[in-house]
Amino acid sequence: VWLSFTPPIQARKRGAIRVLIAIAPRMYGEALAYALAKNRPQAEVVRVEAGELDGQLDGFHPQLVVCNAATIQVKALAASWVVLSYEARGITASVYLQGRRSTVEDVQVADMVALMDEAERLSDASQGGG
């Protein structure tokens with residue numbers, strides 16, 4: 001039996017960016033969640049199944065969502081999101097950071113960490129903290 005651990009959403013780290021990851025295949029999501037949490041231990045990174053994404057948005061209030069498709073709920077409730085698509089030349093990230101759109105071809109973990117940092121900076125600035 002395989003068990004998947006997702007930290008309880010109630011356990012909040014004060015002042016830390018909240019990142020919600022809902023990508024398939026599951027291993028990609030788990031690996032990305034691990035890599036982001038390892039690179040930014042202060043961040044609150046939660047991985048959920050793609051079908052659970054919309055249901056987790058309201059209670060978790062992520063500043064960044066990483067998914068395979070930005071749903072209507074993601075666009076309405078998340079300030080920033082990254083949509084990952086798998087192509088023959090690699091993984092492409094379509095990025096939406098508080099109204100700014102960009103694309104990262106052949107995205108790497110370092111790119112995702114930088115996007116998370118930028119989403120956190122923008123979130124802090126929009127809340128008067130930066």
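Let's start inside the fold, at valine 83, which is found in strand S4. Keep in mind that the model is a predicted one. Is valine 83 buried or exposed? Its relative accessibility is 16%, and buried means under 20%, so valine 83 counts as buried. Setting aside neighbours within four places in sequence, valine 83 touches Cys67, Asn68, Ala69 and Ala70, and also Thr92, Ala93 and Ser94. Take alanine 93 from that list: ten residues separate valine 83 and alanine 93 in sequence, while their C-alpha atoms sit 5.6 Å apart in space.

Now zoom out. The protein has four helices and six strands, and reading from the N terminus, the elements go β-α-β-α-β-α-β-β-β-α. Of its 130 residues, 40% count as buried. If you look at contacts with a separation of 6 or more, 50% of them come from residues 24 or more positions apart.

Helix H1 is a good next stop. It covers residues 26-39, and its 14 residues should span 20 Å at 1.5 Å a residue; the end C-alpha atoms are indeed 20 Å apart, so the expected and modelled spans agree. Which residues of H1 are buried? They are Gly29, Leu32, Ala33, Ala35 and Leu36. Looking down the axis of H1, you'd find these buried residues within an arc of 165°, so they line one face of the helix. Met27, Tyr34 and Lys38 are exposed on the other side of H1. And what do the buried residues of H1 pack against? Their partners are four strands, S1 (18-22), S2 (44-47), S3 (64-67) and S4 (80-87), plus helix H4 (109-126).

That packing leads us to the nonpolar cores. In general, nonpolar side chains in soluble globular proteins tend to be buried together. Here the largest nonpolar core has 24 residues, and the ones with the most contacts inside it are Val19, Ile21, Leu36, Val66, Val82, Leu84 and Met112. At least two residues of this core come from each of S1, H1, S3, S4, strand S5 (90-97) and H4. Which element gives the most to this core? That would be H4, with six residues. For a closer look, pick valine 19: leaving out neighbours within four places in sequence, valine 19 is in contact with Leu36, Glu44, Val45, Val46, Phe60, Leu64, Val66 and Met116. Apart from this core lies another one, made of 14 residues, including Leu20, Leu53, Trp81 and our opening residue, Val83.

Several contacts of valine 19 fall in S2, so let's look at that strand. Glu44 and Val46 point one way from S2, Val45 and Arg47 point the other way, and all of them are buried. S2 pairs with S1 in the parallel sense, over four bridges. Within that pairing, leucine 20 has valine 46 as its bridge partner in S2.

Finally, head over to helix H4, where glutamate 118 lies. What joins the side chains of glutamate 118 and arginine 100? A polar contact of 3.2 Å does. Once neighbours within four places in sequence are set aside, glutamate 118 is in contact with Leu97 and Arg100. So much for the tour: H4 both carries glutamate 118 and gives the most residues to the largest core.

How values were computed. Residues numbered from 1 in each chain as written. Predicted model: local features only at pLDDT ≥ 70, side-chain atom pairs only at ≥ 80, totals over all residues. Heavy atoms only, no water. Expected span 1.5 Å × (residues − 1). Buried < 20%, exposed > 50% of the residue type's maximum accessible area, 1.4 Å probe, protein only. Arc of directions from axis to C-beta. Contact = heavy atoms within 4.5 Å. Core = buried A, V, L, I, M, F, W, Y, C linked by side-chain atoms within 4.5 Å. Polar contact = N/O pair within 3.5 Å; in protein donor to acceptor, adjacent residues only side chain to side chain. Pairing = 2+ DSSP bridges.
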